Amino acid sequence: TMLFMYNTHRIVLCLFASALLSTKVQKGARHASDQVLRMHSGGSQSNAHVPVPFCSIVQNGGNVTSVTVTVMIAMVYTWLTKLIPAFSRSATFHWFCTFIIALMLQKKPQGTVQSLVNTLSMSEAYYSNFDDMFRSDGIDLDMLTDLWVDLVLKENDVTKVNGRSIVVSDSVKQSKEGRKMPGVKRLHTESATQSKPSSFHGIHAGAMVILTNSTQNQKEVLSVPMEIRLMDGLDPIAAWENTPNPYANEPLELQSLHRLEHYIPQIGDTYFVADRASMSQRLFAECADISKRTGHKVDLITNAKSNVVAYTEPEYCGRGRRPIRGKKIHLTNLFTDHIAEFTTKRLYLYGQRQTVRYLCIDLQWRTKNPVKLRFVLCRMEDGRRIILACSDLSMDPVTIIRLYGYRFGTIEED
């Protein structure tokens with residue numbers, strides 16, 4: 001994924017893939033990948049060294065030089081060899097390397113094994129080798145994910161806001177026709193349009209990315225994937241493999257947060273940016289519990305529904321039972337009743353520069369076990385209204401808008 005940042009990636013990867021395919025052996029890509037992976041290590045994996053980082057790649061008039069090819073292949077070699085501990089068999093690792101190269105070379109990823117074979121112009125005889133790699137017991141997926149996250153944190157300049165990293169989470173429901181496919185089940189969806197059905201058969205996948213600084217543009221922020229997992233429909237898969245489903249009795253909105261807790265010791269203090277489905281009292285309470293268990297601050301930034309209701313601080317008059325909540329406030333009414341209190345700011349938001357008017361207010365949310373949140377009411381140039389909620393009461397409202405906007409693209413201030 002990180003290689004896509006450079007205009008020269010396709011030429012270099014073609015050279016790498018052609019080198020993989022140039023050696024015709026009966027065992028497929030095993031010996032060929034060995035040859036390429038050791039090309040710039042002096043014949044030994046322990047001698048691997050990357051001479052210069054990506055930001056100092058040498059180019060001559062926009063053309064790729066031999067130094068560029070050497071560095072790029074050396075970087076690919078370095079990254080892949082750090083994932084070796086997750087593979088118990090070398091053949092599985094070499095087919096995994098071939099799979100990664102095929103993904104990088106695809107112009108339009110189709111997500112099928114046949115498309116990967118066609119991308120590398122391989123013989124159809126290798127189809128079963130690719131297919132067996134996905135079902136191989138020689139891959140420890142949990143260890144592979146941990147090694148990848150560790151690699152991402154070491155090889156990238158992680159974006160920091162108030163000394164914290166920013167992790168963005170989102171999920172997608174994709175329709176699938178195959179009723180017997182693993183992870184496919186009947187899903188319900190809430191959509192604002194009538195053209196989409198209320199339920200369909202498909203998969204529900206969730207992804208987490210961490211924001212990193214671009215080496216080419218200081219104002220640009222890139223998202224590097226940490227992990228992508230199925231969030232629902234895992235019970236049949238666990239039954240086939242005779243293994244317990246770790247998320248069997250866990251709400252969907254808590255799965256990503258608990259996966260994030262696993263990486264908190266590596267990431268440190270974090271702002272967790274999630275979609276509207278994460279506007280849950282359990283998630284805010286779980287963020288506070290994770291902060292206590294790990295010793296690192298974790299705060300949630302999310303989007304509230306338009307009908308959200310909050311309360312002011314309760315005031316005690318000195319007689320009778322103390323009130324548990326104050327005045328009830330419909331936040332959507334503040335867009336009209338307190339329009340004069342809104343502040344104007346120019347931001348590059350949703351792919352275009354526009355004027356945003358916002359109002360920041362701290363209120364209690366929920367009546368039972370109330371949570372104090374910072375609400376930021378935003379009004380866009382086109383009239384759209386967004387209500388953001390953050391558990392960090394000290395965060396600047398413009399920063400809250402900027403962090404949540406990273407879910408959709410780069411944001412810059414005037």
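This section looks at salt bridges, aromatic pairs and one helix packing in a predicted model.

Salt bridges come up first. Side chains of opposite charge can pair when their charged atoms come close. Searching the whole structure turns up 14 salt bridges. In one of them, Arg293 and Glu261 meet through their side chains, with 2.9 Å from N to O. This pair ties together distant parts of the chain: Arg293 sits in helix α10 (residues 281-294) and Glu261 in helix α9 (residues 252-267), 32 residues apart. Arg293 has a relative accessibility of 48%, so it counts as partly exposed, the cut-off for exposed being over 50%.

Another of the bridges runs between two strands. Arg374 pairs with Asp362, and their closest N and O atoms are 2.8 Å apart. Here too the partners come from distant parts of the chain, with Arg374 in strand β14 (residues 371-379) and Asp362 in strand β13 (residues 352-365), twelve residues apart. The two ends of this bridge fall into separate accessibility classes: Arg374 counts as buried at 14% relative accessibility, whereas Asp362, at 30%, counts as partly exposed. The 20% limit for buried lies between these two values, which is why the labels part ways.

Some salt bridges also share partners, and in this way Asp142, Glu227, Arg229 and Arg259 are joined into one network. Within that group, Arg229 bridges to Glu227, the closest N and O atoms lying 3.1 Å apart. Glu227 is buried, with a relative accessible area of just 8%. Arg229 is partly exposed at 23% relative accessibility, because the buried class takes in values under 20%.

Turning to the rings, the structure holds seven aromatic pairs. One of these is formed by Phe87 and Phe96, a tilted pair with 5.0 Å from centre to centre and 45° between the planes. Phe87 and Phe96 are both buried. Trp95 and Tyr126 make another pair, and their ring centres are 5.9 Å apart with the planes at 50°, so this one is tilted as well. The Trp95 and Tyr126 pair links distant parts of the chain: Trp95 belongs to helix α4 (residues 90-105), while Tyr126 lies in the loop between α5 (113-119) and α6 (127-134), 31 residues apart. Trp95 is buried at 7% relative accessibility, but Tyr126, with a relative accessible area of 22%, is partly exposed. Beyond individual pairs, Phe87, Phe93, Phe96, Phe99 and Phe134 form one aromatic cluster.

That leaves the helix packing. Two packed helices are described by the angle between their axes and the distance between the axes. For helix α7 (residues 141-155) and α9, the axes come within 11 Å and cross at roughly 35°. The crossing of α7 and α9 is right-handed. On the α7 side, the contact is made by Thr145, Asp146, Val149, Asp150 and Leu153, and on the α9 side by His262, Tyr263, Gln266 and Ile267. Sorted by class, this contact of α7 with α9 has four nonpolar, three polar and two charged residues. Helix α9 thus appears in two of the settings described here: α9 carries Glu261, the partner of Arg293, and α9 also packs against α7 through residues that include His262.

Key: Residues numbered from 1 in each chain as written. Predicted model: local features only at pLDDT ≥ 70, side-chain atom pairs only at ≥ 80, totals over all residues. Heavy atoms only, no water. Salt bridge = Lys/Arg side-chain N within 4 Å of Asp/Glu carboxyl O. Buried < 20%, exposed > 50% of the residue type's maximum accessible area, 1.4 Å probe, protein only. Helix = DSSP H or I, 4+ residues; strand = E, 2+ residues; numbered from the N terminus. Phe/Tyr/Trp six-rings, centres within 6.5 Å; stacked < 30°, edge-to-face > 60°. Axes fitted to C-alpha atoms, helices over the stretch in contact; angles between N-to-C directions. Left-handed = near helix turned anticlockwise from the far one by under 90°. Contact = heavy atoms within 4.5 Å. Nonpolar A, V, L, I, M, F, W, Y, C, P; charged D, E, K, R; others polar.
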